[in-house]
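Student: Please take me slowly through one part of this structure, the empty space inside it, and tell me what lies around that space. I am new to this protein, so please explain each term as you come to it.

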Amino acid sequence: MSNNYKLLSNLKLMDKGILFMLLSAMLGSLSGAVAKVLSESMDPIEIVFYRNLLGVIMILYSFKKVQVSFDISKSHLLFLRGFFGTLAMLLYFYTIANIPLGEAVILNKTSPFFVTILAYYLMKESININTIFALVIGFIGVAFVIQPLDFEISQGHVLGVLGGFFAACAYATIKKIKDIYDARVIMLSFMGVGTILPLLLFLFTPYASFQVHTEFFIWALIVLMAILSTVSQWFLTRAYSLSKASIIGVIGYSSIPFAVGFGIMLGDSLPDMLTFLGIGLIALGGILVSKK
């Protein structure tokens, strides 16, 4: 009886983690679409700065409602989570600004591959044949979506994959600190570094320029993006806290069809049959790995 109860509890945690990841993927893709619109008027580093600044304000306000304790013993891991996450976000927004939204999200979805490797080597998570099979199906689907024979490699594409690697590093760090810190503390470490690092780039490097924007439409989009991405980040953090990194990583591929849909709304062309087949294979890989 106790074994059955334990199995049922694990299944409930797994289902909740998958649901949170799906919500995170949808809101994250919508946030990316808003960032794509903003990139026509703002530097990607500016977008990262404002997005995280407003996120910090929202999280600090939540601390007034429900306070949390803070343990400094693993604060270096909090910083690493923030640093890796900020690098991933900078590269992601640069990619969004320079290549189509669908391609940018697809490249960012290389992160589950790196997550699986990091989870295996750093956290000793087991990977059975079912997970490998699901990953293979998912990556075949990604290949159909990307269609590499017609895929023009550019700096934006290379940085997109690099952003996926740093995102995986950030996700793996979450697994190390999920039982020590409240999800909002983990998010605050990410957004705090994500505010400070762009500010340092503004002040001490020639690679970014800071502008004061007064247009209501621009600020409405910034606020909308901050809300969407903050909620998406909370769902993502909770998903990785509740389920195995290798499983949640595959479910993260669901952001691809969301991104394709939002891309069409922004003027991207309708995906061809190979792309639709790829999306189907990615969904199948996610279903197979969730059944495990």
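Tutor: What follows begins with the protein as a whole and then turns to its inner spaces and the residues around them.

This is a predicted model, in which local features need pLDDT of at least 70 and side-chain atom pairs count only at pLDDT 80 or more, while totals for chains, interfaces and linings use all residues. Residues are numbered from 1 along each chain as its sequence is written, and side-chain values use heavy atoms, with hydrogens and water left out.

The protein has 12 helices and 0 strands, where helices (H or I, at least four residues) and strands (E, at least two) are DSSP runs numbered from the N terminus. Read along the sequence, the pattern is therefore written with helices alone, α-α-α-α-α-α-α-α-α-α-α-α. Of the 292 residues in the protein, 51% are buried, a word that stands for under 20% relative accessible area, with exposed over 50% and partly exposed in between (1.4 Å probe, protein chains only).

Searching the whole structure gives 2 cavities of 30 Å³ or more; on a 1 Å grid over the protein atoms alone, a cavity is a set of points where a 1.4 Å probe fits but cannot get out, a pocket is an open set with protein on both sides within 12 Å along at least five of seven lines, and lining residues have an atom within 4 Å of a point. The largest cavity holds about 480 Å³ of space, a volume being the space filled by probe spheres set on the points, which are joined across faces, edges and corners. Its lining consists of 27 residues, and those closest to the centre of the largest cavity are Tyr92, Asn108, Tyr171, Gln233 and Leu236. Two or more lining residues come from each of α1 (2–38), α3 (75–98), α4 (101–108), α7 (155–177) and α9 (216–242), and α1 gives the most, with 7 residues. Sorted by class, the lining of the largest cavity has 12 nonpolar, 12 polar and 3 charged residues, where Ala, Val, Leu, Ile, Met, Phe, Trp, Tyr, Cys and Pro count as nonpolar, Asp, Glu, Lys and Arg as charged, and the others, Gly among them, as polar.

Leu236, one of the residues closest to the centre of the largest cavity, also links two parts of the chain that are far apart in sequence, for it is 219 residues from Gly17 and yet 8.6 Å from it in space, C-alpha to C-alpha. Gly17 is found in helix α1, and it counts as buried because its relative accessibility is 0%.

There is also an open space to set beside this one, since the second largest pocket contains about 230 Å³. Asp43, Pro44, Ile45, Leu87, Leu90, Leu91, Tyr94, Leu159, Phe166, Leu201 and Tyr207 line this pocket, and the elements that give two or more of these residues are α2 (44–65), α3 and α7. Here α3 gives the most, with 4 residues, and the classes come to 10 nonpolar, no polar and 1 charged residues. Helix α2 also holds Phe49, which is buried because its relative accessible area is 9%; the C-alpha atoms of Phe49 and Gly194 are separated by 6.5 Å, although their places lie 145 residues apart along the chain.

A last group of residues belongs to a later part of the chain. Ser254 sits in the loop between α10 (245–251) and α11, and at 15% relative accessibility it counts as buried; its C-alpha is 7.9 Å from that of Met26, 228 residues away in sequence. Ser255 lies in helix α11 and is buried too, with a relative accessible area of 5%, and its C-alpha is 7.5 Å from that of Gly28, 227 residues away in sequence. Within α11 (residues 255–265), the buried residues are Ser255, Ile256, Ala259, Val260, Phe262 and Gly263. Just after that helix, Gly267 takes a positive phi of about 115°.
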